[in-house]
Amino acid sequence: MPNKPFKFKEFTILQDKCAMKVGTDGVLLGAWVQIPEEVSSVLDIGTGTGLIALQLAQRSAAEIIDALEIEADAFEQAVENFENSLWSDRLYCYHASIQEFQNEIDDKYDLIVSNPPYFRGSPEGIKTSRNMARHNDLLNFDELLQATEALLSQLGSCAFVIPFSEEKNFISTAAGQGLFPDHITRVRGHDLSPFKRSLLQLSRKASDPKIDVLTLEKKRHVYTNDYKALVRDFYLKL
């Protein structure tokens with residue numbers, strides 16, 4: 001079942017070649033991030049299937065939506081998904097790490113997004129595609145934020161989805177790069193469950209961030225109005 005195409009309202013994600021399948025984290029970030037009014041260029045770091053880049057193509061009129069993917073099969077899958085979409089003329093995927101890309105390009109982006117690998121260290125001896133996508137051996141938060149700062153336009157914005165347990169450390173690391181939170185949304189499964197994820201949007205301007213909470217379900221498979229409103233433009237059944 002996980003290898004079957006995932007159909008959204010305006011695009012379809014093929015995921016049979018990709019270690020990391022369509023998941024809630026990516027959909028949330030692609031639906032939640034605030035897009036600058038006059039955005040012309042977007043960068044998705046570690047695009048996987050291309051999900052978030054496709055969401056931003058649906059939501060914006062950005063002329064350039066670039067995506068990076070280091071894993072070969074995922075890169076091929078993202079290219080396929082981009083080519084099959086309504087926005088193939090605006091979407092481009094690079095088979096490169098962010099470190100390589102940063103050193104080879106002079107462009108700046110108005111919006112940078114990433115659903116980064118966040119587990120610390122992959123299991124020794126198990127270098128599978130899934131572990132590459134989930135663990136931060138090849139891209140830790142320091143490297144991600146340094147590259148983001150270097151590639152972000154002066155008035156640009158960047159957004160990430162990370163474990164809630166990493167929120168404080170991530171914000172501190174970002175501040176060291178001159179990036180500060182504008183909006184923080186803490187995500188939990190239901191009213192009585194602990195926070196699992198943090199959605200963070202940052203810019204170069206230090207301010208008191210808006211902080212709010214998103215609860216996904218009232219009970220199993222009964223979704224909250226806030227969650228349904230957020231993802232309604234994407235999921236077929238909402």
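This is a short selection-by-selection tour of a predicted model.

**Stop 1: the main core**

Start with Phe-8, Phe-11, Leu-29, Leu-56, Leu-91, Leu-111 and Val-113. These residues have the most contacts inside the largest nonpolar core, which has 40 residues. Now colour the elements that give two or more residues to this core. The helices are α1 (24-32), α2 (51-59), α3 (72-83) and α8 (225-231). The strands are β4 (64-68), β5 (91-94), β6 (109-114) and β7 (152-163). Which element gives the largest share? It is α2, with 6 residues.

Keep Phe-8 selected and show what surrounds it. Beyond four places in sequence, Phe-8 touches Ile-13, Val-22, Val-27 and Leu-51. It also touches Phe-234, Tyr-235 and Leu-236.

**Stop 2: the second core**

Next, select Tyr-109, Leu-139, Phe-141 and Ala-147. They are among the 25 residues of a second core, separate from the one above.

**Stop 3: strand β4 and its partners**

Go to β4. Is this strand enclosed or open to the outside? Of its 5 residues, 4 are buried, so β4 is largely enclosed by the rest of the structure.

Add β3 (residues 41-45). β3 and β4 pair in the parallel sense, over 5 bridges. To find the register, pick Ser-41: it stands opposite Ile-64 in β4. Then bring in α2. With β3 and β4, α2 makes a β-α-β unit, and that unit is right-handed.

Now add β5. β4 and β5 run parallel, joined by 4 bridges. Here the pair to pick is Asp-66 and Tyr-92: Asp-66 stands opposite Tyr-92 in β5. Trace the chain from β4 through α3 to β5. This β-α-β crossover is right-handed.

**Stop 4: helix α7**

Select residues 167-176, helix α7. Which of its residues are buried? They are Glu-167, Phe-170, Thr-173 and Ala-174. These four cover an arc of only 130° around the axis, which puts them on the same side of α7.

Show the neighbours of that side. The cover over the buried residues of α7 includes α6 (141-151), β7, β8 (180-188) and β9 (195-203). Then rotate to the face turned away from the buried side. There you will find the exposed residues Lys-168, Ser-172 and Gly-176.

Step past the end of the helix to Gly-178, which follows α7. The phi of Gly-178 is positive, near 75°.

**Stop 5: His-221**

Jump to the loop between β11 (217-219) and β12 (222-223), where His-221 is found. Check its backbone: His-221 has a positive phi of about 65°, although it is not a glycine. Is His-221 buried or exposed? It is exposed, with a relative accessible area of 54%.

**Stop 6: Asp-233**

Finish in the segment after α8, at Asp-233. Asp-233 is exposed, and its relative accessible area is 53%. What does Asp-233 contact, leaving aside neighbours within four places in sequence? Select Lys-9 and Gln-58: Asp-233 is in contact with both.

For a last distance, pick the C-alpha atoms of Asp-233 and Ser-203. The two residues are 30 residues apart along the chain, and these atoms are separated by 26 Å.

Definitions and conventions. Residues numbered from 1 in each chain as written. Predicted model: local features only at pLDDT ≥ 70, side-chain atom pairs only at ≥ 80, totals over all residues. Heavy atoms only, no water. Core = buried A, V, L, I, M, F, W, Y, C linked by side-chain atoms within 4.5 Å. Buried < 20%, exposed > 50% of the residue type's maximum accessible area, 1.4 Å probe, protein only. Contact = heavy atoms within 4.5 Å. Arc of directions from axis to C-beta. Pairing = 2+ DSSP bridges. Right-handed = clockwise from strand over helix to strand, strands pointing away.
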